[in-house]
Amino acid sequence: MARQLSRRKFVVYTLAASTLTVAAPLGCGTPSAEGAEDAASDVLVTGTDEEMLVLEVTRANKVVVRLPRVEVGQGVTTAVAMMIAEELDARLADVEIPLADARTEGNQFTGGSNSVSSLYGPARRLAATARAKLVTAAARRWKVPAWSLRTGRTRVFAPDGRSATFGSLTASAAGITRPAVSAKPKPAAEHRVIGRPTTRIDARDIVTGKAEYTGDLSVAGARPTVVARPPTLGGKAVSVDDRAARALPGVHAVVEIDGGVAVVADTFHHAFQARDALKIKWAPGPLANLSDAAIRSRLRAAVPKLAAPPGGTAQTEAEFEFAFVSHAPMEVLTAVADVRSGSAEIWFSSQSPTDARESIASAVGLPSSKVWVHVMRGGGSFGRRLTYDAAIEAALISKKARLPVKLMWSRTDDIRHGRMRPATHHRIRASHARGRVVAFAHSTASVSESYEGLSAQGGARAAAAPLPSDSGLYNFGRLSGDSGSVDLAMPLGAWRSVDSGTVRTAEEIVVDEIARTLGEDPVAFRRTTLRSRTVKAVLDKAATAGRWGRSMPSGQAQGVAVHEEYGSCVACLVEIDATDPKNPRVTKVVMAADVGTAVNPRGLEAQLMGTAVDGISTVLRAGLHIDRGAVRESSFADFHYARQRHAPPHFEAHIMPSKRDPGGAGELGVPAAAGAVANAYARATGTKPRRFPINF
Amino acid sequence: MPSYSFVLNGKRVTVEAPADMPLLWVLRDLLNVTGPKYGCGVGACRACTSHLDGEEIQPCVVPVGDCAGRKVTTIEGLADGDALHPVQQAWLDCDVAQCGFCQPGQIMAAAALLKKTSRPTDADIDRIENVCRCGTYSRIREAIKKAAADT
């Protein structure tokens, strides 16, 4: 049985086509595609590519894999291209990774830092199978033994010097059912592409301005569209006088939608001008009486009681508050929608296009089979593109206005009405006796979303309140925790590293405070209490590379923190200059990560760098205030995400060698970076930071 | 409607537009030059950063009326044909970009800085206001220094 399961797991299918086209199932190991009964050899299937990763070798000698994931900067297209190039022996430049349109089923979800780990097996098996068939086709053409052939640079080479491009072999390879050479992926020791620091495959397009985002599309007739939104969260228009707006030049339509009043115009300039000419009377939203202070006290009251400490122990206790944080991807939400009477076509960047398609179909009253969703690259996401607010709005506006539209949320729309990381409150108590922690309790409360209208705007209900970490990262004896929530009508959403971004950050601060109480060094204390050897190893690496413990002038200090998640772990060492505590500067960040096999070390380093800046931003300066039911901030002028002058002048990342399959990495660094920044600030200033961001 | 002529990336263009129409929307919506990105519309994020007569500007807050008879350069016009500008090459060499959305603006800001200051210090680089939400700042710093060393 086990044997059969493992064979099924490694099945690769051949799709009936005139060029070599192979497919591997995604997601769990049990293939469900019809006609895929016998997994011992590959099987011709004529079905769709739903649930599959499909590789095609074109006659033009390109290798095309339509990826059921979204590229938002995390580098997934480059990582997959590297896996394919590795196993096919293709030139990286010959591998193309377009994003797949929304499917009706299967795993097309980008999130949870799982893209590389979920694609690593299927992508390599797929390419190895294609290679075996191309080699077999060449052997037949040249009438030489298949084993005598080599592959490289998107070609097959014969011992006598003859060579053929994959493109010239693809038609004959399509007919090969039983390859004459192994179709197994290479052993790691033979990897030449995987593990080599590699520049993004789209880097040249980006630096020349050619990379195309949704707003850059010129879909025939799609008109620039913006929406006038209420001053408060969830406010509603009670009266709209659009006469002046409609009288302006270049205005094509004004339509009311749930979120406000949309203007469709010739250019975004005309659309903004007409939006500003609308005379709208707004009814305040449901939170109009609520501000930060009240939200904080309700959160504090919602934190469940901590378990009673064991008798005879001393306590280290702390409470922490984290403000709301905007995702604020550089590319604001944008969607092109063309909704007709019998069908709809939408272009936007989505982490969950399958769900989006269903929701859009139901919003505009069409069967989902009549809705096409084209997934575009995104200008950042950080979780924001898990929901599809803008796409549903665009579809509804297009339907009402009977025009194709290009809807763009303004930056103010994004920050004032966009989703945000929920505010949280944490109560933590470590109980120690005779120099050891014997119990660790952490209870939290989080704002959670209760907002009927929002599901219509493309949000599944936000996840339940965060559960305290139960990973047992440290040998802290009895672990306990609970979570509560305060339901508010606010648009919330998972933010890079989700609950760990607050939960684990708070815990890492407490770990430092326990060490201080016990008179131990933060690194030494972690070394003796961490359970995992791999976590200790990344801590040691960061501590050594970052010269932990070096003497620093007054007002400056080092801080450290670790995190383990997604099958990976990371340590972060930070140096901060907090001579002016109101204007601290992180001067140096050293991270060490063990993510299993690092497919693209340069991409991994980029992800760690990004999480370091996230940690610096959310701990020191970047957050959202709520004033009487409205978000106070409105752009990057007051939402203080780090700029160059706040970023570390010195950054280094150390990647631990590993033979394990890849774990997740995109979100991994956030809690370690945030914890290290907070700990460094505490040590530099002699304070105990409790409310984040600190300078807010 | 008034009409304005200016030199865009080396070519003379004429557009009919209201005088107060921001250059950003003239470029993007009338001329289909989409390298400069909208990120805020108030000159704060600087994703649209381009050059006017060689000086850094934020086209989202520069009215087209101010550009008449002048030279506008966007990211599309920075390279010399297929030969990348040293800043673009350094961006490639350092693999600066992540999502890439702010990078045309970052590159144009860096190119403008290097034009004025051939050997920028860390303090000079710190004065660049362009936001990168992916947090690529360390590589931006490295790439600016590399471009400075290579020219």
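Two strands are counted as a pair if DSSP finds at least two bridges between them. In this predicted model, strand β1 of chain B, which covers residues 3-8, is joined to β2(B) by six bridges, and the two strands run antiparallel. One of the residues involved is B:Phe6, whose bridge partner in β2(B) is B:Val13.

This pair belongs to an open sheet of five strands in chain B, arranged in the order β2-β1-β5-β3-β4 with mixed pairing. In general, the strands of a sheet pair through backbone hydrogen bonds, and they may do so in a parallel or an antiparallel manner. Because β2 (11-16) and β4 (55-57) of chain B stand at the edges and each has a single partner strand, one side of each is left without a neighbour in the sheet. From one strand to the next, the twist averages 40°.

A helix also meets this sheet: α3 of chain B, made of residues 103-116, lies across β3 (50-52) and β4 of chain B, and runs at about 150° to β4(B).

Chain B in turn touches chain A, in a contact that takes 47 residues from chain B and 47 residues from chain A. On the side of chain B that touches chain A, at least two residues come from each of the helices in the table, and α5(B) gives the most, with four residues.

| Helix of chain B | Residues |
|---|---|
| α1 | 23-30 |
| α2 | 86-93 |
| α4 | 122-126 |
| α5 | 137-150 |

Helix α3 of chain B also supplies at least two residues to this side. By character, the residues of the side of chain B that touches chain A divide into 26 nonpolar, 13 polar and eight charged.

Technical notes
Residues numbered from 1 in each chain as written. Chains lettered and ligands numbered in written order. Predicted model: local features only at pLDDT ≥ 70, side-chain atom pairs only at ≥ 80, totals over all residues. Axes fitted to C-alpha atoms, helices over the stretch in contact; angles between N-to-C directions. Contact = placed C-beta atoms within 7 Å. Nonpolar A, V, L, I, M, F, W, Y, C, P; charged D, E, K, R; others polar.
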